[in-house]
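Dear colleague,

Please find below the structure that I am handing over to you. My notes on what was found in it follow directly after.

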Amino acid sequence: MFNRRDFLTDFFGATTGLFFVGCMPLEASVSSESNRVGKRREILVHDRRAITVDVHCHCVIDIRDLVKDHYDGRHVSQSYGAFAPDPFVDPSRPMFMDPTSVEARLRYMDERGIDVQAVSLLPGYSYAYWAEEDVARKIVLRQNEQIAELCTAHPDRFVGLGAVAVQHATLAVQQMEYGVKQLGLKGFEIGCSVNGDELSAPKFSPFWAKAEELETFIFLHPDGFPEGERRLQGNGLLANVVGNPLETTVALSHLIFEGVLDHYPRLKICAAHGGGFLASYLGRSNHCAGASPDCKPIKKLPSEYFKNQLYCDSLVFTPEDLRHLLAEVGADHVLLGTDYPASMSGNHMGDDRGADFILGIPGLSDYDRRAILGENAAKLLKIPPLSSRQG
């Protein structure tokens, strides 16, 4: 029987550190900054330089020593298919994890014209919502401090979206305060549910209140759809392909219909993978809100929350899907997202085209292209304009 604790210990030992999941062969990962000089691509929209910000980019923080006496297979989602039972330590995973891979990451960004990555954790194991308060405090502190160190080392290329122990309300508030005011984090990544509880549950009100108070960006990233894992087995990576957007759709719908967005009107939430299925099927939600006697009143139609509080990344893969997303939520509420480095990983569910995907969409105005490529994200994440940036 597979024992995760023994596997973690035997395969990796007790080494700790920050693992940047890379896209290059291991031998290409070097620490020399000079290897990138002069190769940075600049994205132009109608001969005008455009800032590009990728809001959907992951890294791995090594927390094995913190979880080895607490973590087992009960905490593993199946949404990553071939990565199960653990998406971080499976030796067959065709990606390397090494601190020096930050240089490979920067070269990747340079080649594709990505000015800034908003770096967040790879979901699942990293969220650690199972952890008791003392363990959760140590896990999140390490994760956030190391993400902050990356951003401090390369302030013109990275901004940090930290972790937070949402399952412990008082601790979560402390972590957010420290992360924003002491570590300089620009936001936080959270899952779409916490130990089976919806994010709209009253127990999470302190988290939402603090997010609104700090005016901090919340990146909503699913980790499969746990309640549907039995039906989502089989060919097609359905726990990811269907489960991830379904999980996001359910989470956003509860935040809307349970009144969380009404109660905290200054929240800014960006949902991964194009906002799940919700943004593509808003008419049905609008109809329910306006016509069904079984729906308690909310202040606006569901679609109207995408005019102010809700945002989506652009990870929908086809021009037609993106055009539909823009028609539903508007170009001011879509942010460039690639799911780095998933396009180079075993499941290939990211989009390696980056800025070229947005540039290749026919019919977009220059304003729309610049907004999606980076201006929307720069405003939300408080990233300085290009004229004041280095590099």
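In helix α3, the buried residues are V102, E103, A104, R105, L106, R107, Y108, M109, D110 and R112. With 10 of its 11 residues buried, this helix, which covers residues 102-112, is largely enclosed by the rest of the structure. Directly after α3 comes G113, which adopts a positive phi of about 75°. Please bear in mind throughout that this is a predicted model.

As to the general picture, the protein contains 14 helices and 14 strands. It has 391 residues, and 57% of them count as buried. Its accessible surface amounts to about 16500 Å², and carbon and sulfur atoms account for 52% of that area. If one takes the contacts between residues at least 6 apart in sequence, 79% join residues that are at least 24 apart.

I turn next to the nonpolar interior. The largest nonpolar core comprises 83 residues, and I190, W208, I269 and L322 have the most contacts inside it. Helix α4 (residues 133-153) supplies the largest share of this core, namely 8 residues. A second core, separate from that one, has 18 residues, including V116, L161, F217 and L381.

W208 deserves a paragraph of its own. Not counting residues up to four places away in sequence, W208 touches I190, L199, I218, L255, V260, Y264, L267 and I269. Two of the residues in that list, I190 and I269, are also named with W208 among those with the most contacts inside the largest core. The count of aromatic pairs in the structure comes to 3. One of them is formed by F207 and W208 in an edge-to-face arrangement, with 4.8 Å from centre to centre and 75° between the planes. Both F207 and W208 are buried.

The charged side chains come next. How many salt bridges does the structure hold? The total is 21. In one of them, the side chains of D65 and R142 meet at 2.6 Å, N to O. Because D65 belongs to helix α2 (residues 64-67) and R142 to helix α4, this pair ties together parts that are 77 residues apart in sequence. D65 counts as partly exposed, at 27% relative accessibility, whereas R142 is buried, with a relative accessible area of 18%.

A further salt bridge leads back to helix α3: the side chains of D352 and R112 meet at 3.1 Å, N to O. This pair links distant parts of the chain, 240 residues apart, with R112 in helix α3 and D352 in the loop between β14 (334-335) and α13 (355-359). R112 is among the buried residues of α3, while D352 is partly exposed, with a relative accessible area of 31%.

K203 and D197 also form a salt bridge through their side chains, at 2.7 Å, N to O. K203 is partly exposed, having a relative accessible area of 47%, and D197 likewise counts as partly exposed, at 27% relative accessibility. In addition, a network of salt bridges links R40, E42, R49 and D115.

Finally, a word on one loop residue. S303 is located in the loop between α11 (282-291) and β13 (310-313). Is S303 buried or exposed? Its relative accessibility is 14%, so S303 counts as buried. Apart from its neighbours within four places in sequence, S303 is in contact with L282 and N286.

With kind regards

Conventions. Residues numbered from 1 in each chain as written. Predicted model: local features only at pLDDT ≥ 70, side-chain atom pairs only at ≥ 80, totals over all residues. Heavy atoms only, no water. Buried < 20%, exposed > 50% of the residue type's maximum accessible area, 1.4 Å probe, protein only. Helix = DSSP H or I, 4+ residues; strand = E, 2+ residues; numbered from the N terminus. Contact = heavy atoms within 4.5 Å. Areas by Shrake-Rupley, 256 points an atom, 1.4 Å probe, with all protein chains shown as cover. Phe/Tyr/Trp six-rings, centres within 6.5 Å; stacked < 30°, edge-to-face > 60°. Core = buried A, V, L, I, M, F, W, Y, C linked by side-chain atoms within 4.5 Å. Salt bridge = Lys/Arg side-chain N within 4 Å of Asp/Glu carboxyl O.
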